[in-house]
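Ready for a few exercises in reading a fold? Keep the viewer open and try each task before you look at its solution.

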Amino acid sequence: MNLVETRGNDGQRPAIVSFSEAILDPLCSYGGIYVPESLPTLGLPFLTRHLESDYKTLARAVLDRFELDISPAVIDEALALYDGFDDPHHPVPVRQVRGDLFVAELYHGPTRAFKDMALQPFGVLLSHLAMARNERYLILAATSGDTGPATLETFKDRANVKVACLYPDGGTSDVQRLQMVTEDAANLRVIGIRGSFDDAQSALKSLLSAETFKHRLRERGTHLSAANSVNFGRIIFQQIYHLHAYLELARQGAIGLGDQVYLNVPSGNFGNALGGYYAMKMGLPVRKILIASNRNNVLTDFIRTGVYDLRDRHVIATTSPAMDILKSSNIERVLYDLFGPTRTRELMAELDRERVYRLDEVELQALQAIFAADYADDEEVDRYVRETFEECGYLMDPHTATCFKAHETCRDAPLPGIVYSTAEWTKFSPTIASALTGAQGSHDIDALKSISLASGKPIPPMIQQLFERPVAQPTVIDKQDIEREVLAFL
């Protein structure tokens with residue numbers, strides 16, 4: 001597998017790199033990111049062959065088609081981490097909630113969020129590469145709530161790797177914050193910043209591309225990489241569960257192989273949706289990909305109008321905070337695939353310079369042939385959470401709830417929809433308690449207990465234990481101090 005650059009090549013670095021080179025050094029010319037030079041074909045024969053395959057077998061078959069420059073033994077070790085999920089045989093259960101709406105639950109790993117699906121195996125790959133090269137790496141991660149805990153979990157105590165994780169202070173749920181600040185492994189540093197996720201992500205991208213910062217790292221014998229979905233090592237694993245969910249619908253008799261479905265994704269940084277897009281390009285029978293947002297609905301506006309406009313927009317705090325994002329990095333990979341590197345570079349330069357770019361009519365039609373979008377505000381999210389529990393007995397988190405709105409408004413044919421549930425209800429318990437009972441201002445532990453009592457669902461041990469662990473990472477700083485804090489950690 002080879003990868004190329006979304007904005008073209010500047011002549012200062014290789015125009016084509018291997019998979020391992022791309023995950024070790026994920027940013028490239030003109031501030032772009034890496035994409036596959038080509039995708040394998042996974043058509044109906046592939047799906048038929050894996051109709052009865054378990055998740056790990058399917059994952060191994062997909063990765064084999066990409067011909068990664070990673071040894072089979074290391075890939076097997078990485079995929080074996082799915083054995084630590086709630087049910088080793090079914091790490092991603094797919095449940096029919098009502099009628100033609102199915103939910104793929106991606107949160108049954110150690111940090112109770114979908115980021116475990118990619119970051120658990122990714123951590124094994126990167127640390128093995130570092131050890132094989134006898135090199136040390138600093139992994140940067142910026143999180144809106146779920147990437148951080150999953151990154152810390154996969155890299156803690158791994159050889160040749162240190163992690164600096166940035167999160168917006170006050171911009172995550174209490175459980176998400178506790179998952180980060182109670183980590184005490186010596187190779188981890190958690191840094192709260194006074195600002196939004198967009199501030200954290202911008203700081204991460206600036207450090208990844210800053211030559212002075214890289215020089216200071218080299219003085220310390222350290223290389224630089226990232227765990228955010230700008231790293232294609234994340235995206236390659238996020239394609240697999242879309243294929244798995246489709247096969248699950250076929251196994252349940254909801255569809256026949258070859259029938260089209262909708263993929264319905266709660267989207268912030270667009271990595272989850274991009275995985276679905278690549279699966280569609282490889283041959284998954286998808287009618288459209290539905291993008292669900294909250295009131296930070298820049299993606300809704302973009303898909304409806306072709307205008308990506310950040311002018312006069314500020315991040316709005318919502319009850320679905322992992323999607324409180326305005327600048328979605330992985331849109332760039334879709335732009336590249338649809339319009340090529342020259343146009344992508346032009347559009348991204350306009351966004352950096354003017355905080356807005358516009359597709360022409362032909363480009364917009366190409367985008368809308370694949371995507372449709374809607375958003376749900378906090379009141380609608382509460383209603384979907386409450387009604388779905390009362391009518392179906394199904395308990396979901398607020399991000400998943402935004403997809404129920406898109407399921408109602410975005411389909412243009414009566415086909416089944418697969419909603420991707422990105423987090424367990426335990427990560428946002430005060431919001432869920434408020435939706436179910438109207439109780440306001442509950443502390444997380446009280447909300448967890450009340451929901452558990454009402455629903456009969458136990459609080460997972462890894463969540464319960466958070467409230468008994470001491471805070472080991474109390475640092476909160478201004479965003480201009482990030483580089484100094486990271487260097488001090490090293």
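Below are four exercises, each with a worked solution.

This is a predicted model, in which local features need pLDDT of at least 70 and side-chain atom pairs count only at pLDDT 80 or more, while totals for chains, interfaces and linings use all residues. Residues are numbered from 1 along each chain as its sequence is written, and side-chain values use heavy atoms, with hydrogens and water left out.

**Exercise 1.** Find the strand order of the open sheet of 3 strands, and explain what is special about its edges.

Solution. Begin with the terms: strands (E, at least two residues) and helices (H or I, at least four) are DSSP runs numbered from the N terminus, and two strands pair if DSSP finds at least two bridges between them. The order is E2-E1-E3, with antiparallel pairing. Strand E2 (17-18) and strand E3 (34-36) are the edges; each has a single partner strand, so one side of each lacks a neighbour in the sheet. Next, look at the contact of E1 (residues 2-5) with E2: 2 bridges join these antiparallel strands. One residue to check is Asn2, whose bridge partner in E2 is Ser18.

**Exercise 2.** Determine whether Glu52 is buried or exposed, and locate it in the chain.

Solution. Glu52 sits in the loop between helix H2 (44-49) and helix H3 (55-66). Its relative accessibility is 67%, so Glu52 counts as exposed (buried is under 20% relative accessible area, exposed over 50%, partly exposed in between, with a 1.4 Å probe and protein chains only). Now select Leu247: it lies 195 residues from Glu52 along the chain, yet their C-alpha atoms are separated by 8.3 Å.

**Exercise 3.** Describe the surroundings of strand E6 (residues 136-142).

Solution. Start with burial: 6 of the 7 residues of E6 are buried, so this strand is largely enclosed by the rest of the structure. Then list partners. E6 pairs in the parallel sense with strand E9 (residues 222-226) over 5 bridges, where Leu138 stands opposite Leu224. E6 also pairs in the parallel sense with strand E7 (residues 161-168), over 6 bridges; there, Leu140 has Ala164 as its bridge partner.

**Exercise 4.** Give the strand order of the open sheet of 6 strands and name its edges.

Solution. Read the order as E4-E5-E15-E10-E11-E14, with mixed pairing. Strand E4 (94-98) and strand E14 (371-375) stand at the edges, each with a single partner strand. To finish, inspect E4 and strand E5 (residues 101-105), which pair in the antiparallel sense over 4 bridges; Val94 stands opposite Ala104 in E5.
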